[in-house]
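Here is a briefing on one protein model and its ligand. Have the sequence and the 3D view open while reading.

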Amino acid sequence: KLVADRYHKREVLGEGTYGVVFKAIDTKTGKTVAIKKIRLGKYKEGVNFTALREIKILKELLDPNIIELIDAFPHKGNLHLVFEFMESDLEAVIRDRNIVLSLADIKSYLQMTLKGLAYCHKKWVLHRDMKPNNLLIGSDGQLKLADFGLARIFGSPDRKFTHQVFARWYRSPELLFGTKQYGSGVDVWAAACIFAELLLRRPFLQGTSDIDQLGKIFAAFGTPKPSQWPDMVYLPDYVEYQYVPAPPLRSLFPMASDDALDLLSKMFTYDPKRRISAQEALEHRYFTSVPAPTKPALLPRPA
Ligand code: ADP
């Protein structure tokens with residue numbers, strides 16, 4: 001029995017933010033795919049035109065570092081999104097204690113992440129929900145960003161349906177202050193958190209609530225001064241915080257090179273207008289200084 005006359009359904013892969021994900025074989029290409037079943041819930045009146053238009057845009061995002069959206073169709077009241085199947089993800093790599101990540105490996109993972117981001121930002125598409133388990137790794141070692149644009153189409157992940165609340169750890173200060181006009185900077189901040197996590201091998205800023213998340217950010221980088229981030233005081237949830245000085249970034253990342261620390265600090269800039277863009281980050285000297293990034297096929301992967 002085929003789904004949509006084309007996909008041979010296999011086992012469930014997991015439960016995600018928007019619904020169940022299952023493995024399937026695409027009889028048209030013979031390839032293994034992952035199908036994300038999206039509960040339409042409040043969108044029951046039919047996936048509205050805006051959503052369909054957005055999905056069309058996602059289908060046109062074709063880049064080596066973006067998961068390809070192969071197909072999208074409604075079936076039994078759920079929207080089905082068909083993606084290329086990926087073996088693993090960056091969270092599994094970071095968590096696997098048997099894996100040693102060299103500075104060259106970390107550079108390679110960050111470079112692939114930023115390439116995918118720069119490509120989408122150039123097309124004015126934001127991710128909005130970057131975290132290590134959304135960075136999938138293929139059998140060839142290529143890292144690809146998953147779930148691009150879904151947060152915008154289907155709304156912020158509904159916590160009721162998920163076990164995971166980790167996305168908070170990757171949230172930028174402007175989102176935590178309730179900004180409504182966020183831009184590509186939110187993805188760069190999240191990429192910086194992932195860069196830090198690759199260096200530390202544990203999530204860098206593990207807030208237990210949105211307020212605590214801001215506290216963790218301020219403890220790491222010092223409380224932002226209005227001179228550093230003039231628009232901050234106008235944000236909806238802005239409140240004045242007690243002054244905290246910034247410890248030297250070096251003390252938090254003793255193993256990082258000077259180039260790595262310089263790039264990290266530019267990605268962790270408070271003012272989203274002054275924060276480095278994904279494209280500028282790719283042009284930072286970190287990526288041309290030694291060691292060269294590891295070739296994807298040679299990257300360590302979970303057994
Ligand atoms: P979340 O919303 O929590 O990020 P997802 O909905 O992306 O989770 O995915 C749920 C499960 O399906 C996860 O275990 C993930 O590893 C798996 N999965 C998602 N996309 C793919 C894919 N393209 N290939 C293989 N497995 C996938």
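Lys23 and Glu11 form a salt bridge through their side chains, 3.9 Å from N to O. Lys23 belongs to strand β3 (residues 20-26) and Glu11 to strand β2, so the pair ties together parts 12 residues apart in sequence. The model is predicted. The points below cover the salt bridges, the sheet and the ligand site.

**Salt bridges**

- The count comes to 17 salt bridges.
- In the Lys23 and Glu11 pair, Lys23 is partly exposed, at a relative accessible area of 22%.
- Its partner Glu11 is also partly exposed, at 44% relative accessibility.
- Arg6 and Asp71 make another salt bridge, with an N to O distance of 3.9 Å.
- Arg6 sits in the loop between β1 (2-3) and β2, while Asp71 is in strand β5 (residues 69-75), so this pair ties together parts that are 65 residues apart in sequence.
- Are Arg6 and Asp71 buried or exposed? Both are buried.
- The side chains of Lys273 and Asp231 also meet in a salt bridge, at 2.8 Å from N to O.
- This pair links distant parts of the chain, 42 residues apart. Lys273 is in the loop between α9 (258-267) and α10 (278-282). Asp231 is in the loop between α7 (210-221) and α8 (249-252).
- Lys273 counts as exposed because its relative accessibility is 68%, and the cut-off for exposed is over 50%.
- Asp231 reaches 30% relative accessibility and so counts as partly exposed.
- Asp259, Asp262, Lys266 and Arg285 are joined into one network by salt bridges that share partners.

**Sheet**

- Six strands make up an open sheet with antiparallel pairing. Their order is β1-β2-β3-β4-β6-β5.
- Which strands form the edges? They are β1 and β5, and each pairs on one side only.
- The Arg6 and Asp71 salt bridge involves one of these edge strands, since Asp71 lies in β5.
- β4 pairs with strand β6 (residues 78-84) over seven bridges, in the antiparallel sense.
- Lys36 stands opposite Leu81, a residue of β6.

**Ligand site**

- How many residues surround the ligand? The shell holds 17 residues. The closest are Gly16, Thr17, Lys36, Glu84 and Met86.
- By class, the shell divides into six nonpolar, six polar and five charged residues.
- β2 (7-15) and β4 (32-39) each supply at least two residues of the shell.
- The largest share, three residues, comes from β2.

**Polar contacts with the ligand**

- Lys36 places a polar side-chain atom 2.9 Å from a ligand oxygen atom.
- Glu84 uses its backbone: an N or O atom there lies 2.9 Å from a ligand nitrogen atom.
- In the side chain of Asn134, an N or O atom is 3.4 Å from an oxygen atom of the ligand.
- What share of the ligand's area does the protein bury? Taken alone, the ligand exposes 550 Å², and the protein buries 84% of that.

**Points to view together**

- Lys36 appears in two roles here: a polar side-chain atom lies 2.9 Å from a ligand oxygen, and the residue stands opposite Leu81 in β6.
- Strand β2 contributes three residues to the ligand shell and also carries Glu11, the salt-bridge partner of Lys23 in β3.

Methods:
Residues numbered from 1 in each chain as written. Predicted model: local features only at pLDDT ≥ 70, side-chain atom pairs only at ≥ 80, totals over all residues. Heavy atoms only, no water. Near = heavy atom within 4 Å. Polar contact = N/O pair within 3.5 Å; in protein donor to acceptor, adjacent residues only side chain to side chain. Areas by Shrake-Rupley, 256 points an atom, 1.4 Å probe, with all protein chains shown as cover. Helix = DSSP H or I, 4+ residues; strand = E, 2+ residues; numbered from the N terminus. Nonpolar A, V, L, I, M, F, W, Y, C, P; charged D, E, K, R; others polar. Salt bridge = Lys/Arg side-chain N within 4 Å of Asp/Glu carboxyl O. Buried < 20%, exposed > 50% of the residue type's maximum accessible area, 1.4 Å probe, protein only. Pairing = 2+ DSSP bridges.
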